[in-house]
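Work through the exercises below with the sequence and the coordinates open. Try each task before reading its solution.

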Amino acid sequence: MPRLKDFIELHFIILLWGFTAILGKLITIPAVELVFLRTLIAALALGVIIYRRKTQFWLGRTNMFIIMGVGLMISAHWIMFFASARISSVSLCLVGMATCSLWTALLEPAFTSKKLRFHEILLGVIILLGLYIIFQAETEFDNMLGIGMAVGSALLGAIFTIINARLAKKHPSTTITAYEMAGACIGTVLFFPIYAELFTETGTLSFAMNGLDWVYLLVLALVCTVYAYTASVKLMQKISAYTMNLTVNMEPIYGILLAWLIFNENEQMTSNFYIGAAIILFSVFIHPVLDTYSERRKKLKEAFPEKVVAGKD
């Protein structure tokens, strides 16, 4: 049974995840260089954890390439995420990222035997309405591009989360993450020549960091990535998946509140932003509730088919 301190730790972990976009904006180097350093430090730290815990490391050549391939997707996900927060705002970035759970619900049937549900399609349409309201209010190209990149990042996040759910049933979670961080790091390095040629003014990479940048980077890599991930996996042994997923939906709320406190971003937000964000967050929160209701009706229908058909349930 979970204890009060378990729920407190869970909310602390989600607060850290919400803080990730803040750190991405505070660190002065560009998003691509930031992802490279974050994944490199996280991979090395996870390697130390695996060694000390004597966790299984070698998963076979085929599995290694598959998992590191997922890491390439994570690299693109994080680059778009940090770039979104940098060119627009943390609040807009997190609203776009809030679509991740709905993307997961819509895409999961393509990877598993799960059937697509009507309420998931409906919620997807409602989220598109919320995004349309926000886009309609934005006249600056950077803001529109930023939230578009956040939604794209959320889409990639949904895909690799679905894949990870299948991988975690076969291999140790810490080892999976270590391979994925290594793959993300290598993927970012492979992207360097294209990035330097087409997306930088000088044609060179920028790793010029001050002391505060290194502090923020270590917090991002070790606390928000390595600690938050391993602690969340450990908590899932005590807290149900439903409770975990429902609570994780607080991430954009925490992130937007932190952005308001640190950057005073409320001055940049229009009324359409709040309306659109409220619609999106409502859809995100109501999704697990409707999922639970749908599962209960399904079980009730299987147990008492005559009563359900007759409308006496």
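The model is predicted. Keep that in mind throughout.

**Exercise 1. Describe the overall architecture of the chain.**

Solution.
- Step 1: count the elements. The chain has 13 helices and 0 strands.
- Step 2: read their order. From the N terminus on, every entry in the run α-α-α-α-α-α-α-α-α-α-α-α-α is a helix.
- Step 3: look at burial. Of the 313 residues in the chain, 46% are buried.
- Step 4: check the range of the contacts. Take pairs at least 6 apart in sequence; 86% of these contacts join residues at least 24 apart.
- Step 5: turn to the surface. The chain exposes about 16300 Å². Carbon and sulfur atoms supply 67% of that area.

**Exercise 2. Decide how far helix α4 is enclosed by the rest of the structure.**

Solution.
- Step 1: locate the helix. α4 covers residues 90-97.
- Step 2: apply the cut-off. A residue is buried when its relative accessible area is under 20%.
- Step 3: list the residues that pass. They are V90, S91, L92, C93, L94, V95, G96 and M97.
- Step 4: conclude. 8 of the 8 residues are buried, so α4 is largely enclosed by the rest of the structure.

**Exercise 3. Find the place, the burial and the contacts of T175, then do likewise for S75.**

Solution.
- Step 1: place T175. T175 sits in helix α8, residues 173-198.
- Step 2: judge its burial. T175 has a relative accessible area of 0%, so T175 is buried.
- Step 3: list its partners. Setting aside residues up to four places away in sequence, T175 touches I50, T55, Q56, F57 and L59.
- Step 4: place S75. S75 belongs to helix α3.
- Step 5: judge its burial. With a relative accessible area of 4%, S75 is buried.
- Step 6: list its partners. Beyond neighbours within four places in sequence, S75 contacts V35, A184, G187 and T188.

**Exercise 4. What is notable about the phi of K54?**

Solution.
- Step 1: place the residue. K54 lies in the loop between α2 (31-53) and α3 (61-87).
- Step 2: read the angle. Phi of K54 is near 60°. That is a positive value in a residue other than glycine.
- Step 3: recall the background. Most residues other than glycine have a negative phi.
- Step 4: add the accessibility. K54 has a relative accessible area of 73%, so K54 is exposed.

**Exercise 5. Which residues form the positive patch, and which form the nonpolar patch?**

Solution.
- Step 1: take the charged patch. R3, K5, R53 and K234 gather on the surface as a patch of positive charge.
- Step 2: inspect one of its members. R3 is in the segment before α1 (4-26). R3 has 48% relative accessibility, so R3 counts as partly exposed.
- Step 3: take the nonpolar patch. L116, I121 and V125 form this patch on the surface. Together they have about 250 Å² of accessible area.
- Step 4: inspect one of its members. I121 is in helix α6, residues 118-137. I121 is partly exposed, at a relative accessible area of 41%.

**Exercise 6. How far apart are V219 and R38 in sequence and in space?**

Solution.
- Step 1: place V219. V219 is part of helix α9, residues 211-235.
- Step 2: compare the two separations. V219 and R38 are 181 residues apart in sequence. Their C-alpha atoms are 9.7 Å apart in space.
- Step 3: list the contacts of V219. Apart from neighbours within four places in sequence, V219 is in contact with L23 and C224.
- Step 4: judge the exposure. The relative accessible area of V219 is 27%, so V219 is partly exposed.

Definitions and conventions:
Residues numbered from 1 in each chain as written. Predicted model: local features only at pLDDT ≥ 70, side-chain atom pairs only at ≥ 80, totals over all residues. Heavy atoms only, no water. Patch = residues over 30% accessible without salt bridge, like charges linked within 9 Å, V, L, I, M, F, W, Y side chains within 5 Å. Areas by Shrake-Rupley, 256 points an atom, 1.4 Å probe, with all protein chains shown as cover. Salt bridge = Lys/Arg side-chain N within 4 Å of Asp/Glu carboxyl O. Lys, Arg positive; Asp, Glu negative; His and termini not counted. Charge placed at Lys NZ, Arg CZ, Asp CG, Glu CD. Helix = DSSP H or I, 4+ residues; strand = E, 2+ residues; numbered from the N terminus. Buried < 20%, exposed > 50% of the residue type's maximum accessible area, 1.4 Å probe, protein only. Contact = heavy atoms within 4.5 Å.
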